[in-house]
Amino acid sequence: MSPESPNPLAGNPLATRDDVARAALDLFRPLLPFYSPGHARVRLARSHAIFGEVPSQLEGFARPLWGIAPLAAGGYEFPYWEMIREGLANGTDPSHREYWGPPRNRDQRLVEMAAIGFALALVPEHIWIPLPEAAKRNVARWLHYINEVGIVDNNWLFFRVMVNLGLKHVGAAYSQPAVDAALTRLDSFYLGDGWYSDGARNQVDHYIAFAFHFYGLIHARLCGDPERAEIFRSRARLFAPDYRRWFAADGAALPFGRSLTYRFAPAGFWGALAFADVEALPWSEIKGVYLRHMRWWSRRDIANGHGALTIGYAYENPAMGEEYNSPQSPYWAMKAFLPLALPATHPFWATEEAPPSLHAASAQRHPGMVIVEDSAHVVALSGGQTAPLHRSAAAKYGKFAYSSRFGFSVSPATSNGSGILPDNMLALALADQPGQFAIRRDARVVAIEPGLVHSIWQPWKSAKSARLGDVTIETWLIATDLPWLLRIHRINSPVPLISREGGFSIDRTGGEAPPQASAWQTLVRSRAGLSGIRDLQGERRGGIGVPAQQTSLVWPQTLLPLLEGRHAPGRFTLATAVFISADAGAEPRWNEAPALPEGPWFDR
């Protein structure tokens with residue numbers, strides 16, 4: 001840990017295998033004062049997660065194993081194995097006061113079992129073989145519960161696979177039928193081209209990388225089933241080129257979807273490719289993406305004064321977390337350390353990392369995105385997904401654009417739609433109810449092309465009023481050369497509406513010049529760059545929004561360029577140009593807005 005920052009990664013060059021091993025230990029050590037007397041639980045702070053204190057504290061015990069086990073498997077010293085074994089024995093002993101308890105249907109304990117199963121399979125000499133026989137029986141019995149209770153029908157099915165993999169490796173009783181059923185159901189979520197959906201819903205996010213492919217590639221290496229292993233390897237080969245586009249030249253990943261507090265867990269996918277010997281891209285490129293991502297996080301405020309990871313993204317921010325996040329949840333990030341299990345001679349470690357390179361626009365059908373980039377960031381133009389039933393789901397899945405540098409904002413906890421400031425969203429309200437805005441929460445993607453995403457959505461889809469339910473919007477998101485992006489909305493409404501549309505929120509914590517707003521455009525100047533929005537038809541008025549504190553994932557305080565308008569009933573079109581740049585010197589391009597292109601938005 002650097003004296004200038006509590007971030008355990010700060011000051012670490014993260015350029016070599018030894019640097020990464022040091023990072024794993026540096027992330028673990030701040031947890032030591034927070035272990036319980038019997039070492040079965042870790043409590044950083046009181047948990048407000050939906051599943052209570054015991055599973056929350058089990059998270060603190062189990063999740064670091066995703067990094068500790070590969071560290072030890074790779075030959076590095078980890079001096080705390082005796083403590084880990086004691087905690088494992090006590091946590092699975094029904095007579096001990098720190099017993100974790102038997103899991104029930106859809107229990108959080110099932111999630112944490114996966115890390116223990118993984119450790120049994122990878123380093124039994126440290127976590128299993130030295131245990132007394134009675135403790136081994138307790139551990140095996142407790143883990144076997146995962147085959148006897150109901151489990152969430154999504155990536156959780158892999159937890160059953162991981163646990164049985166570990167039980168099998170140590171010679172304990174396991175259930176091959178349970179594994180086979182889980183793998184069959186997981187196969188049903190496969191969409192093609194390397195992509196899965198996280199369950200039966202239209203949910204495609206980072207879980208496809210750090211859950212589906214991560215576990216699949218571990219299974220490929222350790223399962224002893226060549227046919228199944230090749231299925232997982234071949235899917236990862238297809239997925240990697242697309243997922244590569246979610247990472248910017250500076251190492252930042254695209255913030256999209258839920259569980260972003262797991263921060264550098266996406267690095268786990270690149271490490272898993274190496275673990276399973278899948279050269280889906282040149283090893284030098286895989287290594288470069290992996291290490292740049294880790295270095296990006298080393299420069300962020302991700303830890304508290306004790307050096308423990310916090311709930312948040314680029315800073316501590318519980319408002320962006322999930323209802324299932326406890327203070328210990330962020331240690332899912334330890335998945336990033338899987339490649340430490342490989343020797344220094346493996347090409348992932350032995351090759352020089354390749355520098356970043358820029359790519360043309362990428363149309364990705366399964367997540368419903370077109371991804372564009374420049375040297376500063378990647379931007380995803382998103383057709384929208386069905387928002388899952390999680391906190392701020394519409395913000396995490398429904399915005400028109402997501403940036404690796406500028407992030408996005410969630411709604412404040414007290415928001416009921418009345419004070420909504422919609423970064424990269426179009427919010428609509430009835431003209432006679434101007435305080436109640438609705439946004440895109442569900443969408444049907446009609447077409448994806450290399451430079452365009454076309455979707456249809458209804459902001460009041462579930463409204464009891466037929467007139468509200470009839471409000472329908474077609475949105476075309478058009479990729480141009482950054483820093484410009486185009487949006488065209490064709491709206492059909494039987495009622496008069498008020499509209500509010502936002503560009504990218506941007507840092508306002510000092511050093512910015514006064515915003516520039518006029519009748520039909522707004523430009524915000526900031527030390528973080530420039531963010532603007534322009535009505536290409538000159539009909540809406542420009543304005544400045546001041547979002548609530550700690551709603552942005554990237555900055556605690558932001559400003560938001562806006563357009564606002566009033567619209568009569570009928571069919572009408574809104575045409576918007578959005579400007580976003582990390583370079584304050586790009587301001588001359590603000591005067592070079594792209595022209596409104598010809599297209600179907602005016603023809604119907």
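How do the residues of the lining of the largest cavity divide into nonpolar, polar and charged? In this predicted model, the lining comprises seven nonpolar, two polar and two charged residues. The cavity itself has a volume of about 70 Å³, and the structure holds one cavity of 30 Å³ or more. Its walls are formed by His206, Phe210, Ala253, Leu254, Arg258, Ser259, Leu260, Tyr262, Arg263, Pro266 and Tyr313.

The largest pocket has a volume of about 660 Å³. Its lining counts 31 residues, and those nearest the centre of the pocket are Val152, Asn154, Trp156, Arg258 and His390. Arg258 is also listed among the residues that line the largest cavity. Sorted by class, the pocket lining has 16 nonpolar, six polar and nine charged residues. Helix H5 (108-122) and helix H10 (207-222) each contribute at least two residues to this lining. The largest share, four residues, is supplied by H10.

Helix H5 also packs with another helix. Two packed helices are described by the angle between their axes and the distance between the axes. For helix H2 (residues 53-62) and H5, the axes come within 9 Å and cross at roughly 15°. An angle under 35 degrees counts as roughly parallel, and H2 and H5 are therefore roughly parallel to each other. The crossing in which H2 passes H5 is left-handed.

Two open sheets are described here. One is an open sheet of four strands in the order S3-S4-S5-S6, with antiparallel pairing. Strand S3 (362-364) and strand S6 (401-403) stand at its edges; each has a single partner strand, so one side of each is left without a neighbour in the sheet. From one strand to the next, the twist averages 20°. Within this sheet, strand S4 (residues 369-373) and strand S5 (residues 378-382) are joined in the antiparallel sense over five bridges. Ile371 has Ala380 in S5 as its bridge partner.

The other is an open sheet of eight strands, ordered S8-S9-S10-S11-S19-S16-S15-S14, and its pairing is likewise antiparallel. The edges are occupied by strand S8 (444-449) and strand S14 (516-517), each of which pairs on one side only. S8 runs antiparallel to strand S9 (residues 452-457), and five bridges join the two. The bridge partner of Ala447 in this pairing is His454, in S9.

Two features of the backbone lie in loops between strands. Most residues other than glycine have a negative phi, and most peptide bonds are trans. Leu482 and Pro483 are joined by a cis peptide bond, with omega at about 20°. Pro483 is placed in the loop between strand S10 (472-479) and strand S11 (484-493), and S10 and S11 are consecutive in the order of the eight-stranded sheet. At Asp193, phi is near 60°, a positive value in a residue other than glycine. Asp193 is found in the loop between strand S1 (190-192) and strand S2 (195-196).

Definitions and conventions:
Residues numbered from 1 in each chain as written. Predicted model: local features only at pLDDT ≥ 70, side-chain atom pairs only at ≥ 80, totals over all residues. Heavy atoms only, no water. Pairing = 2+ DSSP bridges. Axes fitted to C-alpha atoms, helices over the stretch in contact; angles between N-to-C directions. 1 Å grid on protein atoms, 1.4 Å probe; cavity = no way out; pocket = protein on both sides within 12 Å on 5 of 7 lines; lining within 4 Å. Points joined across faces, edges and corners; volume = space filled by probe spheres on them. Nonpolar A, V, L, I, M, F, W, Y, C, P; charged D, E, K, R; others polar. Parallel < 35°, antiparallel > 145°, perpendicular 65-115°, else oblique. Left-handed = near helix turned anticlockwise from the far one by under 90°.
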